[in-house]
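Notebook open, model loaded. I want to go through the cavities, the helix packing and the odd backbone spots.

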Amino acid sequence: MLVPADMLAAQSKMLYQINKYYGERVQTRMATIAKTIREVCKVVQDVLKEVEVQEPRFISSLTECNGRYEGLEVISPIEFEVVLYLNQMGVFNFVDDGTLPGCAVLKLSDGRKRSMSLWVEFITASGYLSARKIRSRFQTLVAQACDKCSYRDSVKMIADTTEVKLRIRERYIVQITPAFKCSGVWPRSGAHWPIPHIPWPHPNLVAEVKTEGFDLLSKESVAVQGKQSAMEGDAWVLSFLEAENRLLQGGCRRRCLSILKTLRDRHLDLPGNPVTSYHLKTLLLYECEKHPRETEWDEACIGDRINGIFLQLISCLQCRRCPHYFLPNLDLFKGKSPSALENAAKQVWRLTREMLTNTRCLEKL
């Protein structure tokens, strides 16, 4: 295909700007975050060691592997989530019947006695393993551990929440979330995935992702707030972190995400937190479906992909709806105020207009 010379020139200018931005802004952000992670993980590991002494069922799964911490997610440069994997989910059946979008329950399997479970005292009268009861017990243990651990002067529990949140050195926030790993199963609510007849993701990758499975987290969910169902506190939140990361390997997908996160931190960190890194990651996955060929994820296309994601974001903010990638019935904007979403739409549009009309825009972004 013949491409006009001026178009190629504009594209190579943009690529030069993007690489420069990546080298200067993005990598600086990544290095700062990596340093913060090492700092906060030392404290969290110490707290969890104390928890384990008091209650051996809560075994710390936060380990470092090739400079990465298993189970740690960066929410923002000062906020992190650590997933603590629990053992022995085996005696429970996983049930997601769609009554609580984005959530599922764990029910004692027929014929299994409560006493066979490691988590016997957290099972409700109707046989559900209660996410809230486990979290409540864990919260008590973490509060005690904070007072005993060797970093007790620099770590505090954040009160007035049912989540287990720590404030470290008065600057960083770390949420520790108890969870179960569900490998080799796939939720009914995500059965439509992958969409047929598009070449991405490749069937081998789909098989890998589905074998990897997902996690069930014990945390507050906007989806169930205000629903006065008995199951509300017992429900577990579905998380596809590993699956999402697996899908974003290859081409410039990860690089694209790092640039988006940097732009978000610098320009879209707005009142009411309408745009999170997770929204951008979700829209990046949708962009992968819209551009299913690997050649569309070459380095030269990165500017077009970023603009495409921002245009999707504007549309979502204006419609006030951002469907979860695997669970489209779950709206990731639920609970956000309409005025915050409207304000964000204007900000994203300003940023996108700048990127579409000025090849040198990244010098000042």
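Which residues line the second largest cavity? I looked this up before anything else, keeping in mind that the model is predicted. The lining consists of Lys181, Glu212, Gly213, Phe214, Asp215, Ser239, Phe240, Leu241 and Glu242. Two elements give two or more residues to it, namely strand S10 (214-217) and helix H4 (241-247). Sorted by class, I get four charged, three nonpolar and two polar residues in this lining. The volume of this second largest cavity comes to about 40 Å³. My count of cavities of 30 Å³ or more stands at two.

Next entry: helix packing around H7. Two packed helices are described by the angle between their axes and the distance between the axes, so I noted both for each pair.

H7 with H8. I have H7 at residues 302-319 and H8 at residues 338-357, with axes 9 Å apart and an angle of about 155°. How do H7 and H8 run relative to each other? An angle over 145 degrees counts as roughly antiparallel, and H7 and H8 are therefore roughly antiparallel to each other. The crossing of H7 past H8 is left-handed. From H7, the contact uses Ile306, Asn307, Phe310, Leu311, Leu313, Ile314, Leu317 and Gln318. From H8, I listed Leu341, Ala344, Ala345, Val348, Trp349, Leu351, Thr352, Met355 and Leu356. By class, that contact holds 14 nonpolar and three polar residues, with no charged ones.

H5 with H7. Helix H5 covers residues 253-267, and its axis comes within 10 Å of that of H7, crossing at roughly 55°. That makes H5 and H7 oblique to each other. I put this crossing down as right-handed. On the H5 side I found Arg255, Cys256, Ile259, Leu260 and Leu263 in contact with Ile302, Arg305, Ile306, Ile309 and Phe310 of H7. The class split of the H5 contact with H7 is eight nonpolar, two charged and no polar residues.

H6 with H7. Helix H6 is residues 277-290; its axis and that of H7 come within 9 Å and cross at roughly 115°. H6 passes H7 with a right-handed crossing. H6 brings Leu280, Leu283, Leu284, Tyr286, Glu287 and Lys290 to the contact. H7 answers with Arg305, Gly308, Ile309, Phe310, Gln312, Leu313 and Cys316. I sorted the residues of the H6 contact with H7 into eight nonpolar, three charged and two polar.

A note to self on Phe310 of H7: it turns up in the contact with H8, in the one with H5 and in the one with H6. Arg305 of H7 is listed for H5 and for H6.

Last entry: backbone oddities. Most residues other than glycine have a negative phi, and most peptide bonds are trans, so I went looking for exceptions.

Where does Pro194 sit? I found Pro194 in the loop between strand S9 (172-182) and helix H3 (203-212). Trp193 and Pro194 are joined by a cis peptide bond, with omega about -5°. Pro201 also lies in the loop between S9 and H3. Trp200 and Pro201 share a cis peptide bond too, its omega being about -5°.

What is the phi of Arg169? I read a positive phi of about 50° there, though Arg169 is not a glycine. The place of Arg169 is the loop between strand S8 (165-168) and S9.

Terms used
Residues are numbered from 1 along each chain as its sequence is written. This is a predicted model: local features need pLDDT of at least 70, side-chain atom pairs count only at pLDDT 80 or more; totals for chains, interfaces and linings use all residues. Side-chain values use heavy atoms; hydrogens and water are left out. Axes are lines fitted to C-alpha atoms, for helices over the stretch in contact, and angles run from 0 to 180 degrees between N-to-C directions. Helices (H or I, at least four residues) and strands (E, at least two) are DSSP runs, numbered from the N terminus. Angles under 35 degrees count as roughly parallel, over 145 as roughly antiparallel, 65 to 115 as roughly perpendicular and the rest as oblique. A crossing is left-handed if the near helix is turned anticlockwise from the far one by less than a right angle, and right-handed if clockwise. Contact means heavy atoms within 4.5 Å. Ala, Val, Leu, Ile, Met, Phe, Trp, Tyr, Cys and Pro count as nonpolar, Asp, Glu, Lys and Arg as charged, and the others, Gly among them, as polar. On a 1 Å grid over the protein atoms alone, a cavity is a set of points where a 1.4 Å probe fits but cannot get out, and a pocket is an open set with protein on both sides within 12 Å along at least five of seven lines; lining residues have an atom within 4 Å of a point. Grid points are joined across faces, edges and corners, and a volume is the space filled by probe spheres set on the points.
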